[in-house]
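Colleague: I would like to go through this model with you and ask, step by step, how each label is earned. Could you show it to me before we begin?

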Amino acid sequence: MKFQGSDQYVATADLMLAVHAAATLQRPLLIKGEPGTGKTMLAEEVAAALDMPLLQWHIKSTTKAQQGLYEYDAVSRLRDSQLAGIEGSERVRNIENYIVKGVLWQAFEADRPVVLLIDEIDKADIEFPNDLLREIDRMEFYVYETRQLVKAKHRPLVFITSNNEKELPDAFLRRCFFHYIKFPDAETMAKIVGVHFPTLKADLLAAALKNFYAVRNLPGLKKKPSTSELIDWLKLLLAEDVPAEALQAHDEKVSIPPLVGALLKNEQDLTLFEKLVFMQRNNR
């Protein structure tokens, strides 16, 4: 089975090839790209298109690799041992009652192959990827509390996303197939917009894209607007019934578009943009 994109996700040819390559090599697909370029959504759409269950592990700065395998709830066991009567002592003696299975364990014991998403791996500690090397490579891990070796029944299709906040270790990178999602060009972006707004008028789409890329290409922006911001902006334009003419500058110079707060998310970028508009209007 090959991923060919979906009605909800516009996938470029090189992205579809990357998904197929990772599945063929049986290696995790490491996806990088700007925030808002559809990295997380890719795993969701692949799972839906290939009719595979999806398991998601969203990484935080405090996440430890062990949590993806399992956690031993020693506190609950101690509390139960203090409160347990004769009937409850059997539960306390069975340590398996206090083992909480993590996402990787759930993926390993699934009766059929699953899509496993490890989202924003670069948010965690620098040692986090290294701590998962053996498990991802060999598809097995050891539970010391129960002296049990857990092996994957089926190798999951693993997607790992990163926003490049931290460099990932070389040993980890060697075990992945890598793909960088480039920011969509205007033609691809028009197709993406068409998925969300199939009845959007052509003149409004053209004017909106022209304004969007003009804002995005402004040098010195702290945070360039992404695809998700464009979708939000278009949703607002439609809700407020803003005509295409309101987005078109008569003198072909850059102008401040309506509801620009959906595109620019901090005062530094907004001030920079306003300054550019002021300079152009005064031919400076």
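Modeller: Here is one place to begin, in what is a predicted model: the charged end of Arg 216 sits over the ring of Phe 183, at 3.4 Å from the ring centre.

Colleague: What makes the charged end of Arg 216 count as close enough to the centre of the ring of Phe 183?

Modeller: The limit for the distance to the ring centre is 6 Å, and the charged end of Arg 216 lies 3.4 Å from the centre of the Phe 183 ring, so the distance part of the definition is met.

Colleague: Let us turn to rings that pair with each other. How many aromatic pairs are there in the whole structure?

Modeller: A search of the whole structure gives 9 aromatic pairs. One of them joins Trp 105 and Phe 141, whose ring centres are 5.6 Å apart and whose planes stand at 75 degrees.

Colleague: Why is the pair of Trp 105 and Phe 141 called edge-to-face?

Modeller: Two rings pair if their centres lie within 6.5 Å, and planes over 60 degrees apart count as edge-to-face. With 5.6 Å between the centres and 75 degrees between the planes, Trp 105 and Phe 141 satisfy both conditions, so the pair is edge-to-face. This pair also links distant parts of the chain, since Trp 105 belongs to helix H6 and Phe 141 to strand S6, 36 residues apart. Both Trp 105 and Phe 141 are buried, and together with Tyr 70 and Phe 108 they form one aromatic cluster.

Colleague: What makes Phe 212 and Tyr 213 an edge-to-face pair, and how do you know that Phe 212 and Tyr 213 are buried or exposed?

Modeller: The rings of Phe 212 and Tyr 213 are 5.2 Å apart from centre to centre, with 80 degrees between their planes, so they fall within the 6.5 Å limit and over the 60 degrees that edge-to-face requires. As for burial, the word applies under 20% relative accessible area. Phe 212 has 0% and therefore counts as buried, and Tyr 213, at 15%, counts as buried too.

Colleague: Which residues have the most contacts inside the largest nonpolar core?

Modeller: That core has 32 residues, and those with the most contacts inside it include Trp 57, Ile 118, Phe 128 and Phe 141. Among the elements that give two or more residues to this core are helix H3, strand S5 and helix H9, while the largest share, 5 residues, comes from H6.

Colleague: Now the charges. How do you know that Lys 153 and Asp 111 form a salt bridge?

Modeller: The definition asks for a side-chain nitrogen of Lys or Arg within 4 Å of a carboxyl oxygen of Asp or Glu. The closest N and O atoms of Lys 153 and Asp 111 are 3.1 Å apart, so the pair qualifies, and the structure holds 9 salt bridges. Lys 153 lies in the loop between strand S7 and S8, and Asp 111 in the loop between H6 and S5, so the pair ties together parts that are 42 residues apart in sequence. Both Lys 153 and Asp 111 are exposed.

Colleague: What makes Lys 265 and Glu 229 a salt bridge, and why is Glu 229 called buried or exposed?

Modeller: Their closest N and O atoms are 3.6 Å apart, which is within 4 Å, so Lys 265 and Glu 229 form a salt bridge. The pair links distant parts of the chain, with Lys 265 in the loop between helix H12 and helix H13 and Glu 229 in helix H12. Glu 229 has a relative accessible area of 7%, which is under 20%, so Glu 229 is buried. Lys 265, with 44%, lies between the limits of 20% and 50% and is therefore partly exposed. Salt bridges that share partners join Lys 223, Glu 229 and Lys 265 into one network.

Colleague: Finally, why is Tyr 142 called partly exposed?

Modeller: Tyr 142, which is found in strand S6, has a relative accessible area of 36%, and because this value lies between 20% and 50%, Tyr 142 is partly exposed. Tyr 142 forms a nonpolar patch on the surface with Tyr 144 and Leu 149, and together they have about 340 Å² of accessible area.

Note on methods:
Residues numbered from 1 in each chain as written. Predicted model: local features only at pLDDT ≥ 70, side-chain atom pairs only at ≥ 80, totals over all residues. Heavy atoms only, no water. Patch = residues over 30% accessible without salt bridge, like charges linked within 9 Å, V, L, I, M, F, W, Y side chains within 5 Å. Areas by Shrake-Rupley, 256 points an atom, 1.4 Å probe, with all protein chains shown as cover. Helix = DSSP H or I, 4+ residues; strand = E, 2+ residues; numbered from the N terminus. Buried < 20%, exposed > 50% of the residue type's maximum accessible area, 1.4 Å probe, protein only. Phe/Tyr/Trp six-rings, centres within 6.5 Å; stacked < 30°, edge-to-face > 60°. Lys NZ or Arg CZ within 6 Å of the ring centre and 35° of its normal. Core = buried A, V, L, I, M, F, W, Y, C linked by side-chain atoms within 4.5 Å.
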